[in-house]
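Colleague: Please take a close look at one part of this model, the nonpolar core, beginning with a single residue inside it. Please then place that part in the setting of the chains around it.

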Amino acid sequence: MTAPALARRVVVSAPVVAVAGALALTTLVMLVVGVDPTLAYPALIRGAVADGNLEYTVAAFVPTLGMALAFALPLRAGEFNLGGDGQLAAGGVAAAALALLVPLPPVVAVVLPLVAGALAGGLVAAVAAPLSTRLKIPAIVSTLLISTPAVALASYLVRFPLAEAGTGIAQTPTLPDAAHLPFLGGSGYVTIGLPLIVVLTGLWLYADGRTVTGYEIRATGQNREFARYGGVRVDRVAAVALAGGGAFAGLSGALIVLGPPYRFVDGALTAPGYTFTAVAAVLLASARPVVVPLTVALLTVLQVGGQGMEREAGVPSQLTQIVQGLIIVIVAVLATLQARRRR
Amino acid sequence: MNVFEWSFLAGVLTATAPVLLAALGGLLCQVVGVFNIALEGQLLWGAFVAVVVSDLTGSAWAGVAGAVAATVLFSALLSIPAVGLRADPIVIAVGLNLLALGLTAFLMRQIFGSGGTYSSPDLTGLPDLGELGLDVPVLREQSPLVPVALLLVVVMATWLTRSRSGLRLRAAGQHLEAAEAVGLPVAAYRHGVTLAAGALCGLAGAQLSLGNVTLFSEGMSAGRGWIAVVAVMLSGVLPYRLLLACLLFGVAEAFGFRLQGAGLPQQAADAAPYVITLAALVLAALWRRKRSHEHA
């Protein structure tokens, strides 16, 4: 492919059109409510990359990428995991509880809580698997219904049994030093969670494209009956995909809790909206897993930049949620239009 | 704690009403085979617009009308791509739910100047039936939209089983090709029910923000639209069974409220409706499975 042809393909590709369309519509919203886009957008960019903000953006990229895997992995098997918040909170609280209650030697004190977080998240998500495969309750509904009680349970544990005594703030005490994730280089935000999640993403991409399990997951997602006919144990594959997704969510929760400020602050895991930023990023990647880290990076910049825009230009950061919602709708529309053109 | 006192029943009815209104919209969509999971976002949008319009005009009924109109418009964002262009209705709905969350939180800050919760003495809520002269125990403190919701169950059940247009609608849902072959305007039906669901979600939202309470707070739909989706799944597309499913949620919420009053943590009350709804869904599915095995 020649360079101009390649450039043209990138420019008219679904993700680029979707982002451009969503930003155009958002600009329209800004103009209607009287926000000056020429002030808002530069403030957004500065909020994401200027000064010390880039470090913060990179730190936020880690759980967002983790949550993207939590949504993308089950989606490859045709299951919608919208219960990311519950799995995230379960993973975070499991990691915090283990780190606080069990004295562990160095290294193990970091590894075990991460594993516990992944297990807890995987367990919460796995509940949806038999409901989907045996009882025909769509995962999109069951994962969501399980999510709220899971978040409530984590919140209860953090407020009462695990609460820091005497402060009255809904948070656990600081985790022991041995459980703190080491920083990367001289950063004060970015921990070794970044290389960890990048490596795991690489492994997932490899597994998805090059292994039997990955093939079976994709086959199950594309046509469950055909996969079953071809000898794939589709019920088990769907369960593995959901549990695997939940494990990524739980790990993300554990990574947040083991990073600064080294405690589970009630609401701090779910409030930044990692789950749906990730959902938008995965749908934006439109079934091309390799693109997921890029779309996650883009939407993380938007999300973090939104907070800068609020500080600097006084534009509510919820604007980024509008962009995300619009991106999802536009991507879905483009997908049908493209499919129609191919026919 | 006495669960059989009037005030508990009134609490159940209050909790049920918004979910029931939204679920009636979801049921209509289900009748013609549109899987509508955008109820949550539409409910939230309706609740927001109801408060804004009531605040601006000083009339709660203008708020209701505004909510219905604005939510019908919002539901066109589902109907045009999902029905017209046949885009994936699930993905569109996920996007719209997020859009509603963002739009309401953003516009709230632009219009009222701050986030979180907005309530004001200027904000007029819906009148109680007691004030309107209907001084009956359970209904005394309900808004007029509550009996409307109950009435709509009867209307919809009768319409779907006794009228020509209702039967046609069901035919279109049962066998798309056959319905098209006999000349039924299936696409128009699908657009129509999606917009009608928007109108019902507008009512549901207005009931939530001007009936149940008189305020708007961010994300105040709090999963009720999803509970409505589950109620539709439990209903087997039968309006009376839909009412039962929604009442189950109402009981769970009212009960959770009481538990909180009795000293149980708020988190238990938050979780109760979801746990009970999920349990009902699982039991219904198990029962259905057992029955189909017996028949086989």
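Modeller: Setting aside neighbours within four places in sequence, A:Ala68 is in contact with five residues: A:Ala278, A:Ala281, A:Val282, A:Val292 and A:Val296. The model is a predicted one, and what follows should be read accordingly. A:Ala68 belongs to the largest nonpolar core, a set of 225 residues, and is listed with A:Val282, A:Ile327, B:Ala23 and B:Ala231 as having the most contacts inside it. The greatest contribution to this core comes from helix α12 of chain A, residues 234-258, which supplies 17 residues. A:Val282 thus appears twice in this account: as a contact of A:Ala68, and as one of the residues with the most contacts in the core. As a general background, nonpolar side chains tend to be buried together in soluble globular proteins.

The residues with the most contacts in the core include members of chain A and of chain B, and the contact between the two chains deserves attention next. Chain B gives 40 residues to the contact and chain A gives 35. On the side of chain B that touches chain A, the elements giving two or more residues are α3 (60-84), α4 (89-112), α9 (224-235) and α11 (266-295) of chain B. Of these, α4(B) provides the largest share, 16 residues. By class, that side of chain B comprises 29 nonpolar, 6 polar and 5 charged residues.

Chain A itself has 15 helices and 0 strands. Its radius of gyration is 21 Å, which agrees with the value near 20 Å that a compact globule of 343 residues would have. Along the principal axes, the C-alpha atoms of chain A occupy a box of roughly 60 × 60 × 35 Å. Of its 343 residues, 54% count as buried. Among contacts in chain A with a separation of 6 or more, 77% are between residues 24 or more positions apart.

The helix that runs from residue 53 to residue 76 of chain A, α4, also packs against α3 (residues 37-49) of chain A, at an angle of about 75 degrees and with the axes 5 Å apart. Angles from 65 to 115 degrees count as roughly perpendicular, and α3(A) and α4(A) are therefore roughly perpendicular to each other. On the α3(A) side the contact is formed by A:Gly47, A:Ala48 and A:Val49, and on the α4(A) side by A:Asn53, A:Leu54 and A:Thr57. This contact of α3(A) with α4(A) has 3 nonpolar, 3 polar and no charged residues.

A:Leu54, which lies in helix α4 of chain A, may be singled out here. It counts as partly exposed, because it has 15 C-beta neighbours inside 10 Å. A:Leu54 and A:Arg340 are 286 residues apart along the chain, and their C-alpha atoms are separated by 41 Å.

Two loops of chain A carry backbone features worth checking. The peptide bond from A:Pro260 to A:Pro261 is cis, with omega near 5 degrees. A:Pro261 is located in the loop between α12 and α13 (274-284) of chain A. In the loop between α5 (84-101) and α6 (108-126) of chain A lies A:Val107, whose phi is near 70 degrees, a positive value in a residue other than glycine. A:Val107 is exposed, because it has 9 other C-beta atoms within 10 Å.

Chain B, the partner of chain A in the contact, has 11 helices and 2 strands. Along its sequence the order of elements is α-α-α-α-β-α-α-α-α-β-α-α-α. Its radius of gyration is 19 Å, close to the 19 Å that the globule rule gives for 296 residues, so chain B is as compact as a globular protein of that length. The C-alpha atoms of chain B fill a box of roughly 55 × 45 × 35 Å along the principal axes, and 53% of its 296 residues count as buried. Of the contacts in chain B between residues at least 6 apart in sequence, 75% join residues at least 24 apart.

One loop of chain B adjoins this account of the contact. B:Arg86 is found between α3 and α4 of chain B, two of the elements that give residues to the side touching chain A. Phi of B:Arg86 is near 55 degrees, again a positive value in a residue other than glycine. B:Arg86 counts as exposed, because it has 12 C-beta neighbours inside 10 Å.

Conventions:
Residues numbered from 1 in each chain as written. Chains lettered and ligands numbered in written order. Predicted model: local features only at pLDDT ≥ 70, side-chain atom pairs only at ≥ 80, totals over all residues. Core = buried A, V, L, I, M, F, W, Y, C linked by C-beta atoms within 7 Å. Buried ≥ 20, exposed ≤ 12 C-beta atoms within 10 Å, placed from the backbone. Helix = DSSP H or I, 4+ residues; strand = E, 2+ residues; numbered from the N terminus. Contact = placed C-beta atoms within 7 Å. Nonpolar A, V, L, I, M, F, W, Y, C, P; charged D, E, K, R; others polar. Rg over C-alpha atoms; globule rule 2.2 N^0.38 Å. Axes fitted to C-alpha atoms, helices over the stretch in contact; angles between N-to-C directions. Parallel < 35°, antiparallel > 145°, perpendicular 65-115°, else oblique.
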